[in-house]
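Work through the exercises below with the model open. Each task is followed by a stepwise solution.

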4 protein chains.
Amino acid sequence: MTVNTRPGRPDPSGTPGRPVMLGQNQYGKAENRVVRITRDGATHHIKDLNVSVALSGDMEEVHTSGSNANVLPTDTTKNTVYAFAKEYGIESAEQFGIHLARHFVTSQEPIHRTRIRIEEYTWERIATSGAHAGPGGGDGAGHSFVRKGQETRLTQITYDGESWEVVSGLKDLVVMNSTNSEFWGFVKDRYTTLKEAYDRILATQVSARWRFDWTGDEQEMPDWEESYEQTRRHMLQAFAETYSLSLQQTLYEMGSRIIDHRDEIDEVRFSLPNKHHFLVDLEPFGLENDTPDGAVYFAADRPYGLIEATVLRDGCEARIPTDLTNL
Amino acid sequence: MTVNTRPGRPDPSGTPGRPVMLGQNQYGKAENRVVRITRDGATHHIKDLNVSVALSGDMEEVHTSGSNANVLPTDTTKNTVYAFAKEYGIESAEQFGIHLARHFVTSQEPIHRTRIRIEEYTWERIATSGAHAGPGGGDGAGHSFVRKGQETRLTQITYDGESWEVVSGLKDLVVMNSTNSEFWGFVKDRYTTLKEAYDRILATQVSARWRFDWTGDEQEMPDWEESYEQTRRHMLQAFAETYSLSLQQTLYEMGSRIIDHRDEIDEVRFSLPNKHHFLVDLEPFGLENDTPDGAVYFAADRPYGLIEATVLRDGCEARIPTDLTNL
Amino acid sequence: MTVNTRPGRPDPSGTPGRPVMLGQNQYGKAENRVVRITRDGATHHIKDLNVSVALSGDMEEVHTSGSNANVLPTDTTKNTVYAFAKEYGIESAEQFGIHLARHFVTSQEPIHRTRIRIEEYTWERIATSGAHAGPGGGDGAGHSFVRKGQETRLTQITYDGESWEVVSGLKDLVVMNSTNSEFWGFVKDRYTTLKEAYDRILATQVSARWRFDWTGDEQEMPDWEESYEQTRRHMLQAFAETYSLSLQQTLYEMGSRIIDHRDEIDEVRFSLPNKHHFLVDLEPFGLENDTPDGAVYFAADRPYGLIEATVLRDGCEARIPTDLTNL
Amino acid sequence: MTVNTRPGRPDPSGTPGRPVMLGQNQYGKAENRVVRITRDGATHHIKDLNVSVALSGDMEEVHTSGSNANVLPTDTTKNTVYAFAKEYGIESAEQFGIHLARHFVTSQEPIHRTRIRIEEYTWERIATSGAHAGPGGGDGAGHSFVRKGQETRLTQITYDGESWEVVSGLKDLVVMNSTNSEFWGFVKDRYTTLKEAYDRILATQVSARWRFDWTGDEQEMPDWEESYEQTRRHMLQAFAETYSLSLQQTLYEMGSRIIDHRDEIDEVRFSLPNKHHFLVDLEPFGLENDTPDGAVYFAADRPYGLIEATVLRDGCEARIPTDLTNL
């Protein structure tokens, strides 16, 4: 293969004998923001996604010599996202990601593996007054939305031409228990000054990923939308209903509740920052702040405890990477 | 007044005859994060605020010579926020800000004017299964919350010892109409390439401030919580119910609806970025994307149209600053 | 004027007799990211700007009826930014903003006032090894850059057809004095617990705006690039060289130094958050942390003192808005 | 072990026979912001770090029953960071992290593995005028700093009681070549519309991690500060000096240059977003934008190409996780 033969350009090929190897690599277009509106008469539906494509395969040459002969441009992967949204619709983020991953692996010989990551933003309908409807359906009931703004829903689809891995999840779901949390009986060393707590606020910003047992086309596919709603509900309820002696215990209960109730899920990974709420010392001002009713807290930013763990179905292997955050 | 007389320090006083004057100035502690939990039996309530204090007054000396003789430390203003949350509770952000502003102006002779700004974060209850209740009320029904995460509620209280100004509002409320929006009949000059649109998405991230007619203790105070809920509702409904020929028209209707329905409000200011959703050109792929059903859009980040305006009650004077954003 | 006459659409005009007025309003395209590369042989130069356009004028109709007959689309204002960057170049952000503002006010009859805001990002050259130069100038010396990443340079140009206002400045310039700062002699009330400090860290993130005395074409225009470099230098030196008894004193000296040295500037506004560095109490671990050498600090995020003031040339009127931040 | 025996609390222990296992888990205090100032006479030095601690070990009980008997509180890990900064100083981020990791693993029997992550912020001296020195050294030359604000330096130390892994790196270093970049000869499928480019801007925001060959106390430790400076320099020079036919080729050269020149480094991982600068089409306005001099570009935010790869010393095993970002 000849590359870079236009006159006046240096030869970019590596020095022979250079003691360097190429390791894992991937490329693609990240953060393609695609919105699709479907109309069911006057009632509209929104799918609002942020889609990132990563392709791997026979890519040695583009790194060592700059030859793009095996490179489908990232721009093309972007175009494919938008074209597929039109051609196939977006039934769910997971289904859409599966369509995309299959396409790249099966249509491009040099591409051996595709990973699709999707963020999904949720919208809810604006309740209208009913008093302003016009001939054009101006009352907004079916086509007016406010972004929910709570968690961001996530999914990651990986396909290597043989088997599938689907990991869904969410981030930025902030929850609080204003009681039923304690923390005591811990190790004390030379640097320990923390006092035991018998009634504290427990708050966290949930980042969770769960892996489905679905790996191949011969299995029945889960109902991705229903699965998400139920998994989220069990997780929230476990948080609310657990009398907590440590954030680890709450985390483990959140994961176990999902494994208990959702057969399609084999593994859950959590990253839970402890959003500290410190009781303010008001004694210098002659005020007591130790009665549960009317307690005043300082909500701290940094530093924060960070609790991370994987909860698995018995006998399953852990496959979700352990670093959901970079800190 | 003598300052800075400890040996070995330079004289910080200004050079006499320097042609420099001090203009408007203010200081205080910003972003005091205060959370207060009240308990009504097993049912708890949260107030979650971010409070910023700004004091003005007889502060020439601290600027020109460094004398702090008139300076209440910003640390003290922080302490006051937390102490007041305990002593007086937080009935509403507005009521809390009024308490604080009155305190600083009336208790400190050099302080002539106080401005309190508050951000409020809203929480909603987690629906529990009812199946896991324990003796400690472990079912979470009354003490478990998820942050709503939609808009951030805002208020600003200003007091100069004589009259009050209360400006409330919100930011980051993202709304969309998937139809009933057009844009045509505009000016065309040498640099105009935009095509007319007869059915487009209209989406924006609402930043709004509204000024109350309440200015003094002799007037009856509005019900701040009820006022917020109703103002937000009218604003959303106006957005949903307006058949829009321009974002300006929608903005004006949103403001007018508030003025129409909320007697306690005299002025509204909006800053509405036009969150563009562009129809993707899919013709190169042999796909049509011009049918309303199943249309696919690219949600763009930058640049964006930015529409800003004030809507006033007839005969009232505009007092809300026109720059809600820095761009 | 007839608008919105296509069948099936509601009449958007306001209800007659509605007690509502339109106040100040403006619109335009915000955050147009324009980069221009000029080549001086193998030596290239970058101008990297973020340009926001805001137009005001005879815009009543677009708000009340949705008629766009006076509306130059925001998309056109974007096109104009890019076209002007090609046609006229970008000598400086200020000069570029002046070109744009003049164009909109003079070419569009309904537009009476234009405000251009610009952020500028600075790049510096990458020092190359000189060992790898190829025929194409591959050594990078003239065309390879790293973003400086320190402050963001700002300017705002306002033109109403008669006179000009130019306010330049910067944001996000983080500075620290590790000594020569004290804070004592302050007011103490019931809520004061702060101890006096005789040797503390003083750190802040400078946000500053300065207004030029240049208001019209009959005056000689300042050298905008030189003015920025010198103003920044005086500000930094004043910060470094001031023995500080309060952040207010440092602020005032920073402003005064600019007024003293830069005849073209009449007014400076600062917003200086006090980036607190608290000495950590290490006594529980048997460690002293009160010796100046090797002192260990906790760098706090929130809350923070916020000090804001205007410094003016004697006899000048303050015109920079006092709210540079929203907190 | 008995936990949670205070009356009125539910039994938190797991249901026997529940088909759930605990997988990898870790906990600790994240984002401890520690600043240490050392004084060499009037010349001061800053170390400004953000330290995150993650501990793993015998932690089954705290997850399943809430017993904290093996849990050193995250608050204690925070205290240790500050105490160690005083006791041992901060010679480098790497050296500091090694101290901390060794401490937790060797002093707490249940803790088998520690990971310390550190971000470091760089400051440079403010050049003073020399004209304002006072008795207190008020000229600022030795104690006045401005934050460099370019890249953030990173390191991660992992210790399991036997061997060490040190991975250093940086993020947010934005670089640009304004020429010497092409992109052509790529695969074209049904969705490809991109045109070939023979002279384009190549810009990226470098995120890089490099792993040292140092794994144990019997080896001589690298000079961490010198290593960082040289590695960064080689990386920047490789970016500048490479005539690029693809961002992959530039990435590979950046990694290879490090492997070539820094014997202490065995592996490098890059995540390089392609910060697209698109030539603006100015033909509709009668302007040509295809001459290299004075070309005008639109700097796009999203979507962006994302190029990620590992470069290894021949014969070494890849150990840096392949997901440096979450997209």
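## Cis prolines and backbone

**Exercise 1.** Place B:Pro303 in chain B and describe the peptide bond before it.

*Solution.* B:Pro303 sits in the loop between strand S12 (295–299) and strand S13 (304–313) of chain B. This is a predicted model. Next, take the bond from B:Arg302 to B:Pro303: the peptide is cis, with omega near -10°.

**Exercise 2.** Find where C:Pro303 lies and give omega for the bond that joins C:Arg302 and C:Pro303.

*Solution.* Start with the location. C:Pro303 is in the loop between strand S12 (295–299) and strand S13 (304–313) of chain C. Then read the torsion: omega is about -15°, and the bond is cis.

**Exercise 3.** Report phi, place and burial for B:Asn180.

*Solution.* Phi comes out near 65°, a positive value in a residue other than glycine. B:Asn180 belongs to the loop between S8 and S9 of chain B. Its relative accessible area is 7%, so B:Asn180 is buried, the limit being under 20%.

**Exercise 4.** Do the same for C:Asp172.

*Solution.* C:Asp172 is not a glycine, but its phi is positive, about 70°. The residue lies in strand S8 of chain C. With a relative accessible area of 35%, C:Asp172 is partly exposed.

## Salt bridges

**Exercise 5.** How many salt bridges are there over all chains? Then explain what the pair B:Glu151 and B:Arg232 ties together.

*Solution.* The count is 96 salt bridges over all chains. In one of them, the side chains of B:Glu151 and B:Arg232 meet at 2.7 Å, N to O. B:Glu151 lies in the loop between strand S6 (144–147) and strand S7 (152–159) of chain B, while B:Arg232 lies in helix H4 (residues 224–241) of chain B, so the pair ties together parts 81 residues apart in sequence. Both B:Glu151 and B:Arg232 are buried.

**Exercise 6.** Which chains and elements hold C:Glu87 and B:Arg190? Classify the accessibility of each residue.

*Solution.* First check the distance. The closest N and O atoms of C:Glu87 and B:Arg190 are 3.5 Å apart, and the two form a salt bridge. The pair crosses between chains: C:Glu87 is in helix H2 (residues 74–88) of chain C, and B:Arg190 is in the loop between strand S8 (164–177) and strand S9 (202–212) of chain B. Now the accessibility. C:Glu87 has a relative accessible area of 29% and is partly exposed. B:Arg190 has 46% and is also partly exposed.

**Exercise 7.** Trace the link from C:Arg33 to C:Asp48, then list one salt-bridge network.

*Solution.* C:Arg33 and C:Asp48 form a salt bridge with closest N and O atoms 2.8 Å apart. The pair links distant parts of the chain, 15 residues apart: C:Arg33 in strand S2 (residues 32–40) and C:Asp48 in strand S3 (residues 43–57), both of chain C. C:Arg33 and C:Asp48 are both buried. For the network, follow salt bridges that share partners: they join A:Arg18, D:Glu241, D:Glu253, D:Arg257 and D:Asp260.

## Charges and contacts

**Exercise 8.** Examine D:Arg200: is this residue buried or exposed, and which side chain of opposite charge is nearest?

*Solution.* D:Arg200 lies in the loop between strand S8 (164–177) and strand S9 (202–212) of chain D. D:Arg200 is buried yet has no salt bridge. The nearest side chain of opposite charge, D:Asp199, is 8.5 Å away. A salt bridge needs N and O within 4 Å. Leaving aside neighbours within four places in sequence, its contacts include D:Glu182, D:Phe183 and D:Asn274.

**Exercise 9.** Describe the setting of A:Thr231.

*Solution.* A:Thr231 is part of helix H4 (residues 224–241) of chain A. Its relative accessible area is 0%, so A:Thr231 is buried. Beyond residues up to four places away, A:Thr231 touches A:Trp210, A:Ile258, A:Arg262 and A:Ile265. C-alpha to C-alpha, A:Thr231 and A:Arg257 are 8.8 Å apart in space and 26 residues apart in sequence.

**Exercise 10.** Which residues gather with A:Asp58 in a surface patch, and what is its charge?

*Solution.* A:Asp58, A:Glu60, A:Glu61 and A:Glu109 gather in a patch of negative charge on the surface. A:Asp58 lies in the loop between strand S3 (43–57) and helix H1 (60–64) of chain A. At 40% relative accessibility, A:Asp58 is partly exposed.

Methods
Residues numbered from 1 in each chain as written. Chains lettered and ligands numbered in written order. Predicted model: local features only at pLDDT ≥ 70, side-chain atom pairs only at ≥ 80, totals over all residues. Heavy atoms only, no water. Patch = residues over 30% accessible without salt bridge, like charges linked within 9 Å, V, L, I, M, F, W, Y side chains within 5 Å. Areas by Shrake-Rupley, 256 points an atom, 1.4 Å probe, with all protein chains shown as cover. Lys, Arg positive; Asp, Glu negative; His and termini not counted. Charge placed at Lys NZ, Arg CZ, Asp CG, Glu CD. Helix = DSSP H or I, 4+ residues; strand = E, 2+ residues; numbered from the N terminus. Buried < 20%, exposed > 50% of the residue type's maximum accessible area, 1.4 Å probe, protein only. Contact = heavy atoms within 4.5 Å.
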